[in-house]
Amino acid sequence: PRTADEAHPSAGPASHGGHGAWGQLTRTPIVVSPPLEFVSPEWGRELGQDEWFFPAAMSPQDVDAFLSAVGVTAEHRDRLRRTIRPEPRIRGFVITPEADVVRALSPEVRAKLYLQLGKTTLNFDQANPFRFYASSPGDSLNGSLISDTTRRELESLLYRDGPYLHFADPELVLAGVSDPSERQRIAKVLARQSALLVTLTVHESSEVAGLAEYWGRGGRRTDVRPLLESLAATNPEQPLDIVHLLPSFARDRLYRFPRPSTSDYDKPLLANCLWTSLNFFAVEPNDRYLDVNVALEALRNHYTVIQSNYQLGDILGMVDEEGNLFHPAVYLADDLVFTKNGTSPIAPWTIMPIQHLRDYYRLQSENPRLIYHRRNDM
């Protein structure tokens, strides 16, 4: 059963999507956060001192010019220059910023600086920030159990990229937290993700055949039709959570978190987006898809690129400007996808609008190509 730790309502109102072969859907914003039991009390202990990497920088003057261009004050640039050092392995330079300089950055300057730093994977925190879809810092932290002191510090370090608030300074916050339970609560609030609870309304019996055809793809039409028939006959207009219409793989994971066992640590990766997408219709997940090369070969050999009339289970691939697939998700209906964003065990499976997914991955590509794939046997 789902618990309040895993999914709870957001502040947004319910809304209707477009009507199509999938029927009439209503989406309600929710927030999904990991249970405290899934977070180690030692979370964050491995974090070291923050460093900013500038690969391929020609000189310290180039680094200083960049810092000036993003709005870092002359006083702070002077202090940052004192820590700069060459790093031959990256043919560039490294800065070790002092904590009070980092804390003093305004949200606007932090956004400009970190969004540029995040373009290289060497700057891990900035390239992989915690992200939360929210209109204000207060919205992103509502309902959390962290202390007021921690909340204020977190809010001061947030910065915006489009509709998402980002956080990339966990070492600053954790440096002053010795209580293991508070560290767990910090991880819980930072790992929260916005998602949608989606319901289907069957208005009349005449809709059942078409809805069973759409939601029963993958040889499941006889599985979903009795439920749709019962709803139409006994309680029309009663919304049905679409989780009941999804294949067992997605039904068992939606709004939940991976539960790694000791055997998982012998695998090449933990559950990720490719593994999720390719196993959508699987009764038993194929862990060979944890190998990226095997997964990409399966996508090339067993799927066909399609241009329109997308259906349940098609794979949406997001491709960057260099032609690299950086995130796949599973198309559900309307503008909605089933997705797992990242390999972290505290990253849940969720339903998101495609535009929100594009915004979530803006660091990877500001204008990705969306390529849809359909299994050859569908």
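# Asking why: burial, rings, helix faces and pockets

Guide: Let's start with Val 32, which lies in strand 3 (residues 24-32). Strands here are DSSP runs of E with at least two residues, while helices are runs of H or I with at least four, both numbered from the N terminus. This is a predicted model, where local features need pLDDT of at least 70 and side-chain atom pairs count only at pLDDT 80 or more, while totals for chains, interfaces and linings use all residues. Residues are numbered from 1 along each chain as its sequence is written, and side-chain values use heavy atoms, with hydrogens and water left out.

Visitor: Why is Val 32 called buried?

Guide: The label means under 20% relative accessible area, with exposed over 50% and partly exposed in between (1.4 Å probe, protein chains only). Val 32 comes out at 0%, so it is buried. It also sits 6.9 Å from Ala 195, C-alpha to C-alpha, although the two are 163 residues apart in sequence.

Visitor: And what makes Glu 229 count as buried, exposed or partly exposed?

Guide: Its relative accessibility is 40%, so the verdict is partly exposed. Glu 229 is found in helix 11 (residues 221-234). Its C-alpha is separated by 46 Å from that of Glu 321, 92 residues apart along the chain.

Visitor: On to rings: how do you know what kind of pair Phe 280 and Phe 281 form?

Guide: A ring pair is described by the distance of the centres and the angle of the planes. Rings of Phe, Tyr and Trp (its six-membered ring) pair if their centres lie within 6.5 Å; planes under 30 degrees apart are stacked, over 60 edge-to-face, and the rest tilted. The structure holds 15 aromatic pairs. Phe 280 and Phe 281 are at 5.0 Å centre to centre with 75° between the planes, which is edge-to-face. Phe 280 has 1% relative accessibility and so is buried; Phe 281, at 17%, also counts as buried.

Visitor: What makes the pair of Phe 280 and Phe 338 stacked, tilted or edge-to-face?

Guide: The centres are 5.9 Å apart and the planes stand at 55°, so this pair is tilted. Phe 280 lies in the loop between helix 13 (273-278) and helix 14 (292-302), and Phe 338 in strand 15 (residues 336-340), so the pair ties together parts that are 58 residues apart in sequence. Elsewhere, ring pairs link Tyr 133, Tyr 164, Phe 326, Tyr 360 and Tyr 361 into a cluster.

Visitor: How do you know that the charged end of Lys 340 sits over the ring of Trp 349?

Guide: The rule asks for NZ of Lys or CZ of Arg within 6 Å of the ring centre and within 35 degrees of the ring normal. Lys 340 is 5.7 Å from the centre of the Trp 349 ring and counts as sitting over it. Arg 192 does likewise over the face of Phe 132, at 5.3 Å from the ring centre.

Visitor: Why are the buried residues of helix 10 said to line one face?

Guide: In helix 10 (residues 208-215) they are Val 208, Leu 211, Ala 212, Tyr 214 and Trp 215. The arc is taken over the directions from the helix axis to the C-beta atoms. Here the buried residues fall within 165°, so they line one face of the helix.

Visitor: What makes the buried residues of helix 1 lie on the same side?

Guide: Val 63, Asp 64 and Leu 67 are the buried ones in helix 1 (residues 60-69). Their arc is only 100°, so they share a side. The face turned away from it carries the exposed residues Gln 61 and Ala 69.

Visitor: And what lines the second largest cavity?

Guide: On a 1 Å grid over the protein atoms alone, a cavity is a set of points where a 1.4 Å probe fits but cannot get out; a pocket is an open set with protein on both sides within 12 Å along at least five of seven lines, and lining residues have an atom within 4 Å of a point. Points are joined across faces, edges and corners, and a volume is the space filled by probe spheres set on them. That gives two cavities of 30 Å³ or more. The second largest has a volume of about 30 Å³, and its lining includes Phe 280, Phe 281 and Arg 375. The largest pocket holds about 1,400 Å³ of space. Of its 46 lining residues, the closest to the centre are Phe 124, Asn 128, Gly 342, Thr 343 and Ser 344. Strand 14 gives the most to that lining, with four residues.
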